[in-house]
Number of protein chains: 2
Amino acid sequence: MRKVAVVGLGHTRFMSDSPKSQVEMLSEASMDAISASNLTSKDIQAIFCGNVLGDFSEGQGMIQSYLADDIGCFNVPASRFEGACASATMAIRDAYMWVASGFYDIVLAGGVEKATAMGTSLATRTFAMFHHARYEYPAGFTFPAFFAMLTHLYSGRYGVPLEKLKEQMAMISVQSHHYGAKNPKAQFQKEITAEQVLNGFTVTTPLQLLDCCPFSDGAAAIVLASEEAARRLTDRPVYIAGVGQASSGKLSAQHKYLPRLRAREISVKQAYDMAGVGPEDIDVCELHDCFSIASIIAAEGLGFAEFGKGGELWEKGETRIGGKIPINISGGLKSKGHPIGATGASQVCEIVRQLRGELADEERQVGGARVGLVDTLGGDGVIVNLILRRE
Amino acid sequence: MRKVAVVGLGHTRFMSDSPKSQVEMLSEASMDAISASNLTSKDIQAIFCGNVLGDFSEGQGMIQSYLADDIGCFNVPASRFEGACASATMAIRDAYMWVASGFYDIVLAGGVEKATAMGTSLATRTFAMFHHARYEYPAGFTFPAFFAMLTHLYSGRYGVPLEKLKEQMAMISVQSHHYGAKNPKAQFQKEITAEQVLNGFTVTTPLQLLDCCPFSDGAAAIVLASEEAARRLTDRPVYIAGVGQASSGKLSAQHKYLPRLRAREISVKQAYDMAGVGPEDIDVCELHDCFSIASIIAAEGLGFAEFGKGGELWEKGETRIGGKIPINISGGLKSKGHPIGATGASQVCEIVRQLRGELADEERQVGGARVGLVDTLGGDGVIVNLILRRE
C-alpha cells in the first residue's frame with residue numbers, strides 16, 4: 001500500500017450556539033483545508049464525513065451530500081460515518097485506505113457537529129442513544145453516569161482513594177484550560193484553578209462540572225493525498241504511519257476488564273505495530289478526555305503509564321510541554337470543546353500542526369515533535385487511533 | 001488491487017412490526033452469512049454496517065458495536081455508514097476496498113432497519129430528514145412529494161401523457177408483486193392487478209398507494225473475501241467486478257437535469273468502466289424502485305432504455321425473466337420491502353443468488369445469469385452501483 005499524507009487542514013472555532021448550520025460549518029473547514037492544500041474543489045475525488053446527532057439537532061441527515069454540493073464537489077462519492085465521538089477519526093481512517101490502496105489520490109475527510117442548540121439536558125439524553133438502548137440507557141447510563149462509575153471502579157481497583165483521584169482529575173482540567181486559553185479555536189479560553197473544579201457543581205458523584213467536557217458546535221477537515229501528490233502540494237507532508245480501530249460492545253460484555261477499555265489496547269497496538277513505534281516514541285498525543293477520568297484511563301491504555309498510575313503524569317507535569325509525554329496541548333475536549341462528530345478530525349489537525357511546528361506563536365509548540373498519536377473514544381467502547389509522522 | 005468475492009449471505013424475512021431489535025435482526029442475517037461462508041465469527045476481521053433511522057426508531061445509535069459484540073466479533077473494527085437508502089451499498093463498497101487493498105482478507109458487511117413501529121406518517125416525516133433540512137423539507141419535500149414531482153416532470157419533459165405514464169407505473173408494481181409473491185423473504189407475498197393500483201388510494205398526485213414501496217423491518221448481510229480466501233471457502237464465488245458512487249446534493253442544484261439523476265449516470269459509468277462491461281452485458285438487475293416512477297428513471301439512467309422510453313420495458317415484459325433485462329426479480333423494494341439501511345445489502349444478496357443459480361426452486365431464476373447490477377438511490381441523489389460477476 002502507498003504512503004498517505006495530510007497536506008492541508010481547516011478548523012472552525014469551537015463554540016456554543018454557532019449561527020451556522022452543520023453543512024455551513026463543515027463547508028468552512030473543508031474549503032480552508034482545500035485551499036491550504038493548494039488545491040481547488042475540482043481536485044477532490046471523494047469525501048468522508050463524521051457526524052452523529054445532526055438528524056436530531058437540525059433534522060438533517062446525510063450532510064455529506066449537501067456538503068459536496070456546497071463546496072463544489074458535485075457528484076463525487078461522499079459517505080457519512082457514525083461511530084459516536086469517534087466518527088471523524090473513523091472517517092479519516094477509512095479515507096486513508098482509499099488513498100493507500102491506490103484507488104484515489106486526493107480526498108477530503110472531516111467531521112462536524114451542532115449540538116448546543118438542544119441544550120445540555122436534551123443533548124445528554126440524545127447522546128445516550130450511543131449506549132445500548134435496551135440494556136444500558138434504561139439502567140441509567142448517560143455518559144456522565146458511565147464515567148462516574150468508571151471513576152469509582154478505578155478508585156477501587158487500583159486503591160487510589162477517591163479524594164486523591166479527584167485531585168488528580170482536577171489537575172487534568174486545570175492543564176487543559178491552561179493550554180486551551182492559548183488556543184484561538186478553543187471554546188473556553190480561560191484558565192481555571194483546582195479549587196474551582198473541586199468546589200464546583202457536582203454533575204454526578206464524583207464528577208464535578210469542570211471534570212466534564214462541554215457540548216460544542218464546530219467542524220474540522222483535512223485533505224489526504226498519496227505520497228506522490230503530497231510531494232507536489234506541500235513541503236511539509238505529515239504521513240499517516242499507523243491506524244487502529246476496535247469496538248467493545250456493551251458494558252456488560254466488558255465488566256471483567258473495566259475500568260480498562262480493551263478496545264483501546266487492541267486498537268493502539270494495531271497502530272503502533274503498523275507504524276513500527278511504541279508509546280516511548282510518541283512526542284505528542286491528543287487523547288479523548290470527555291471526562292477527566294477518561295484522560296487517566298486513556299493514558300494508561302495507550303502505554304504512557306502503568307495501570308493505576310496515570311493520574312501521576314498530570315500531577316508531575318509530565319503531560320505538559322517539556323514533560324515526558326505532552327497530552328492535549330490543544331486544550332483537549334475539556335477546553336477546546338467537543339463537537340462530537342468533529343472531534344477526531346480536530347485532534348488530527350492539532351497533531352499535524354504540532355508536527356509541522358506551527359504552534360510557537362500560540363505558545364503551544366512541543367519542540368521537535370516528529371511522531372504524534374491520536375486517540376478517540378466513541379460511546380462506551382469504540383476506539384480509533386492514528387499515528388502521524390513527519391519525515 | 002486484489003479481486004474480492006462474496007462468499008456467503010444472510011437475509012431475514014422483510015416485514016412490518018418485527019418483534020426483534022435492529023441488533024438482533026442484523027445478528028441473525030450476519031450469523032447466517034458467516035455460517036454460509038463456512039466460517040466462524042473469529043474469522044471476521046472487520047464489520048461495515050448500513051443503518052439510517054435506528055437512533056429515532058429505537059433510540060439506538062452505533063448499532064455496529066453491539067452487533068460485533070452479539071455475534072462474537074468482539075473488538076474488531078466496526079463502522080456505521082449513513083447514505084440514506086444507499087447506506088448498506090455504501091458500506092459494502094467500502095468493505096470491498098478494505099479487502100481489495102490487501103488490508104483484510106475476510107470482512108462482514110450489511111445493513112438493517114426497523115422503521116415500521118413508528119407508523120407510516122412519522123416514518124415519512126423522519127425520513128424527510130434525508131432531504132435538505134433548510135431548503136427542501138420546509139418547502140414540502142417528503143419523499144412521496146419528491147417522486148410525485150418527478151412524475152410530473154417526466155411526463156412533461158418526455159411528452160408521455162400522465163395517464164399513460166400511470167399505466168406503465170402500474171405495470172411495474174404488478175410485476176414486482178408477481179415476483180415478490182414467489183420470494184419467501186418478501187414483505188408482501190401476493191399478486192396485485194393494474195386496476196388495484198390505478199383505483200387505489202392516492203398518496204400524492206399522481207402517485208397511488210401501490211406506486212409506493214412500504215416501510216419495512218429487516219436485515220441482510222454478506223461476507224466478502226479476497227480471491228485466495230474465496231477459493232478456499234466456496235466453489236461458487238461471485239466477484240465484485242465494479243463499484244461506483246456519486247452524490248448530487250440538493251434538488252435546486254439538480255434542477256436542470258431532473259428527472260434524470262446525474263449522480264446515477266456518473267456512478268454507473270464508474271462501475272461499468274471498472275468491470276469492463278456496458279448495460280448490454282447485464283443479465284439481471286436490482287434497481288431502486290422506492291416509487292414506481294423511480295424504476296423508470298433508474299432503468300434509463302443505467303442505460304437499459306432511451307430517456308423517455310423506460311416505461312416501455314415493463315409494458316413489453318422486457319423486465320421479466322426471459323426479457324431483455326430482467327429487473328427486480330426479487331419483488332424489488334415495492335413487494336420485497338424496503339428496510340432502508342438494509343436495502344442495498346438485500347439487493348446484493350439477490351444478485352448473488354441469481355448468479356449462483358439458486359432461485360429455480362422459487363421460480364425466480366434468470367437462466368444463465370453471469371453479470372448482475374445493483375443500483376441503490378439514497379435520499380434525493382446519492383447513488384451507489386455494484387457490478388457482480390461469476391466466473
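**Exercise 1. Locate Ala84(B) and describe its backbone.**

Solution. Ala84(B) lies in the loop that links β3 and α4 (87–100) of chain B; helices (H or I, at least four residues) and strands (E, at least two) are DSSP runs, numbered from the N terminus. Its phi is near 55 degrees, a positive value in a residue other than glycine.

The model is predicted: local features need pLDDT of at least 70, side-chain atom pairs count only at pLDDT 80 or more, and totals for chains, interfaces and linings use all residues. Residues are numbered from 1 along each chain as its sequence is written, chains are lettered from A and ligands numbered from 1 in the order in which they are written, and side-chain values use heavy atoms, with hydrogens and water left out.

**Exercise 2. Find the cis peptide bonds at Pro259(A) and Pro206(B), and place each proline.**

Solution. Start with chain A. Leu258(A) and Pro259(A) are joined by a cis peptide bond with omega about 10 degrees. Pro259(A) sits in the loop between β8 and α10 of chain A.

Then take chain B. The cis peptide bond there joins Thr205(B) to Pro206(B), with omega about 0 degrees. Pro206(B) belongs to the loop between β5 (202–204) and β6 (207–208) of chain B.

**Exercise 3. Describe the interface of chain A and chain B.**

Solution. First, count residues: 60 of chain A are in contact with 60 of chain B, where contact means heavy atoms within 4.5 Å.

Second, take the area. The size of an interface is often given as the accessible area lost when the parts come together. Buried area is the accessible area (1.4 Å probe) that two parts lose on being put together, summed over both. Between chain A and chain B this is about 4,800 Å², and carbon and sulfur atoms give 53% of that area.

Third, list the polar links. There are eight salt bridges between the chains, each a side-chain nitrogen of Lys or Arg within 4 Å of a carboxyl oxygen of Asp or Glu. One salt bridge pairs the side chains of Glu24(A) and Arg134(B) (3.0 Å, N to O). Across this interface, 42 residue pairs are in polar contact (both at pLDDT 80 or more). A polar contact is a pair of N or O atoms within 3.5 Å; within protein, one must be able to donate a hydrogen and the other to accept it, and residues adjacent in sequence count only if both atoms are side-chain atoms.

Fourth, name the elements. On the side of chain A that touches chain B, at least two residues each come from elements including α3 (63–70), β3 (78–82) and α10 (262–275).

Fifth, examine the strands. β3(A) and β3 (residues 78–82) of chain B run antiparallel and are joined by three bridges; strands pair if DSSP finds at least two bridges between them. Phe81(A) stands opposite Phe81(B).

**Exercise 4. Describe how domain 1 and domain 2 of chain A meet.**

Solution. Begin with the bounds, which come from an automatic or database domain assignment: domain 1 is 4–119 + 215–238 and domain 2 is 140–211 + 240–390. Their centres, taken over C-alpha atoms, are 23 Å apart.

Next, the contact: 44 residues of domain 1 touch 40 residues of domain 2. About 3,200 Å² is buried between them, 67% of it from carbon and sulfur atoms. Phe14(A), Cys85(A) and Val238(A) supply 21% of the area that domain 1 buries against domain 2, more than any other three residues.

Last, the polar part. The count between the domains is one salt bridge and 14 residue pairs in polar contact (both at pLDDT 80 or more).
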